[in-house]
Amino acid sequence: MSEQASAWVLHPTDPSQNPPLHLVEFRACGDSPEPELRANDADLWAIGHAEATDHQDFQSAAIHYSRASRVWRILPDQADDVG
């Protein structure tokens, strides 16, 4: 019997366990707050920073968490070994 073949797949984790984080950063000064759990909080910070500094260009991102898992496959030469 040969070894079992395996492959890796990525799948998102449960957002209730690992909620996404929202980030903003102003391009002119590089200023940014701590990552926020709510996108609206990150947006409100960006608006406040724009009002205070007149900086207008920023980038935003959301971090979503994933997990890599091994998936085992039965190879054709192992089919007779499966009960």
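**A first look at the fold, His49 and Asp54**

The chain of this predicted model has 1 helix and 4 strands, where helices (H or I, at least four residues) and strands (E, at least two) are DSSP runs numbered from the N terminus. Residues are numbered from 1 along each chain as its sequence is written. Local features need pLDDT of at least 70, side-chain atom pairs count only at pLDDT 80 or more, and totals for chains, interfaces and linings use all residues, while side-chain values use heavy atoms and leave out hydrogens and water.

Colleague: What pattern does the chain follow along the sequence?

Modeller: We've got 1 helix and 4 strands to place. Reading along the sequence, the pattern is β-β-α-β-β.

Colleague: Is His49 buried or exposed?

Modeller: His49 sits in helix α1, residues 39-53. Buried means under 20% relative accessible area, exposed over 50%, and partly exposed in between (1.4 Å probe, protein chains only). His49 has 10%, so it counts as buried.

Colleague: Which side chain does His49 join in a polar contact of 3.2 Å?

Modeller: A polar contact is a pair of N or O atoms within 3.5 Å; within protein, one must be able to donate a hydrogen and the other to accept it, and residues adjacent in sequence count only if both atoms are side-chain atoms. The partner of His49 here is His55.

Colleague: What is the phi of Asp54?

Modeller: Asp54 is in the loop between α1 and β3 (58-63), and it's exposed, at 56% relative accessible area. Most residues other than glycine have a negative phi. Asp54 isn't a glycine, yet its phi is positive, at about 65 degrees.
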